[in-house]
Amino acid sequence: MKKIIAILFAGTLLIVSCETKKTEQAETPVSYPTLTLKTQKADVSVEYPTILEGEQTVEIRSKVDGYIEQVYVEEGSAVAKGQALFKIDANSYLQEVNNKKAAVLAAEASLETAVIQTKRTAALAEKKIINNYELTSAKNTERVKRAELSQANADLSSAKSKLAFTNIVSPINGVVGSLPFKIGSLVSSSAPDPLTTVANTKNIFAYFSLSQQQLNSFLDQFSGNQLKDKLKNMPDVSLVTADGNTYLSKGKIQTLSGVLNAGTGSANFKAIFPNPEGKLWSGASATIVIPTQFAAAILVPKKAVFELQGRFFVFTVDAQNVVHNTEIKIRNTATEKDYLITEGVKAGDIIVTEGIGNLRDGVKIAAISSSKK
């Protein structure tokens, strides 16, 4: 009996010992690398979406109604100022010119008759054969005929202009855009869509916007008391095209609109890029990359940040080594390893840098401090 009791007592001690060991193991915090944040001088590249436009983009529209008879160019072809683009069927406009020419001839003949009548009447009035009333009437008739001739010439000039408008030429040197209308298409001077566009892409303008909140902090980075001085001191900028390639030539921020957009509250910048080989296209989307220096920036490793429904978080560590998921605001930068933090954490805060996929809010950890170069 004593032997059985001893065995049961030993078993109980073993179970209690195992449970105690499991509890101790469960309560032992897991070690995680952490980082104490600090402000530092940072050179980063800030990215903004942009839309490209040619130095000059002109919509080509028909000033007369008619059917397209000829299309002389192809999409994407380079054209010179004055080069023919389209030919509109001109038969009706040629007939109108001929009719107006005939009207001019008739008006000239009527005027000539009126002039002769005025001279004859003046001679008779001078000899007192007729009274001055008939002379005045003859002069007024001559004035009317002169006005009719002037109107006939104006109508002829208008008809010639309409005839000339059937030959549509390029107003600038540039590159032809899309050609939605083909031979045989009926076009109108009131059509909402242009026949095509011609863009002068020797230089390309890249437009991008900054919010009112971003504007002052952006401008404060550059020396100069006036805006023109700040623009002059801004660094050269780069352009990343939609295919992810960086355009070889650097650009320069040229202007800043003096009035904020009433709808968006943003300020519009314009950068200019040389495009001698025509590799940039008007209307294309791209990303403008601006090298920017921050005197007191907080950088957080990208591996320490997780995203949830479009929001960004880090795990901060409090004085009791308990972690908390903390929302942060990041600035879009082109740095490979770090995010530039604008809100959510400050210098002196401690964050977890690795293994965040295994953490949850409120867990106690064993923090392993690490330094960041």
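1. Eleven is the number to begin with: the largest pocket is lined by 11 residues. Those nearest its centre are Tyr48, Ser211, Gln214, Arg331 and Thr342. Keep in mind that this is a predicted model.

2. The largest pocket holds about 210 Å³ of space. Its lining has 6 polar, 3 nonpolar and 2 charged residues. Which element gives the most to this lining? Strand β2 does, with 4 residues. Both β2 and α4 supply at least two residues of the lining.

3. The second largest pocket has a volume of about 190 Å³. One stretch of its lining is Val58, Glu59, Ile60, Arg61, Ser62 and Lys63. The rest is Ala164, Phe165, Asn167, Ile168, Val169 and Pro171. By class, this lining has 7 nonpolar, 3 charged and 2 polar residues. Strands β2 and β6 each supply at least two of the lining residues. Strand β2 thus appears in the lining of the largest pocket and in that of the second largest.

4. Strand β6 also belongs to a sheet. This open sheet has 4 strands in the order β6-β5-β3-β8, and the pairing is antiparallel. Its edge strands are β6 (167-169) and β8 (186-187), each of which pairs on one side only. In general, strands of a sheet pair through backbone hydrogen bonds.

5. Inside that sheet, β3 (residues 66-71) pairs with β5 (residues 84-88). The pairing is antiparallel and runs over 3 bridges. Which residue of β5 is the bridge partner of Ile68? It is Ile88.

6. Now the nonpolar packing. The largest nonpolar core has 32 residues. Phe218, Leu239, Ile253, Phe269, Phe273 and Ile288 have the most contacts inside this core. Six elements each supply at least two of its residues: β2 (40-60), β9 (196-211), α4 (212-219), β11 (252-256), β12 (266-274) and β13 (285-297). A second, separate core has 17 residues, including Leu85, Ile88, Phe181 and Val187. Ile88 is thus a member of this second core as well as the bridge partner of Ile68.

7. Ile253 deserves a look on screen. What does Ile253 touch, not counting residues up to four places away in sequence? Its contacts are Phe208, Phe218, Leu231, Met234, Val237, Phe269, Lys270, Ala271 and Ile290. Among them, Phe218 and Phe269 are also listed with Ile253 as having the most contacts inside the largest core.

8. One link to follow is between core and pocket. Strand β2 and helix α4 each supply at least two residues of the largest nonpolar core. They each do so for the lining of the largest pocket too.

Technical notes
Residues are numbered from 1 along each chain as its sequence is written. This is a predicted model: local features need pLDDT of at least 70, side-chain atom pairs count only at pLDDT 80 or more; totals for chains, interfaces and linings use all residues. Side-chain values use heavy atoms; hydrogens and water are left out. Two strands pair if DSSP finds at least two bridges between them. A nonpolar core is a set of buried Ala, Val, Leu, Ile, Met, Phe, Trp, Tyr and Cys residues joined through side-chain atoms within 4.5 Å. Buried means under 20% relative accessible area, exposed over 50%, partly exposed in between (1.4 Å probe, protein chains only). Contact means heavy atoms within 4.5 Å. On a 1 Å grid over the protein atoms alone, a cavity is a set of points where a 1.4 Å probe fits but cannot get out, and a pocket is an open set with protein on both sides within 12 Å along at least five of seven lines; lining residues have an atom within 4 Å of a point. Grid points are joined across faces, edges and corners, and a volume is the space filled by probe spheres set on the points. Ala, Val, Leu, Ile, Met, Phe, Trp, Tyr, Cys and Pro count as nonpolar, Asp, Glu, Lys and Arg as charged, and the others, Gly among them, as polar.
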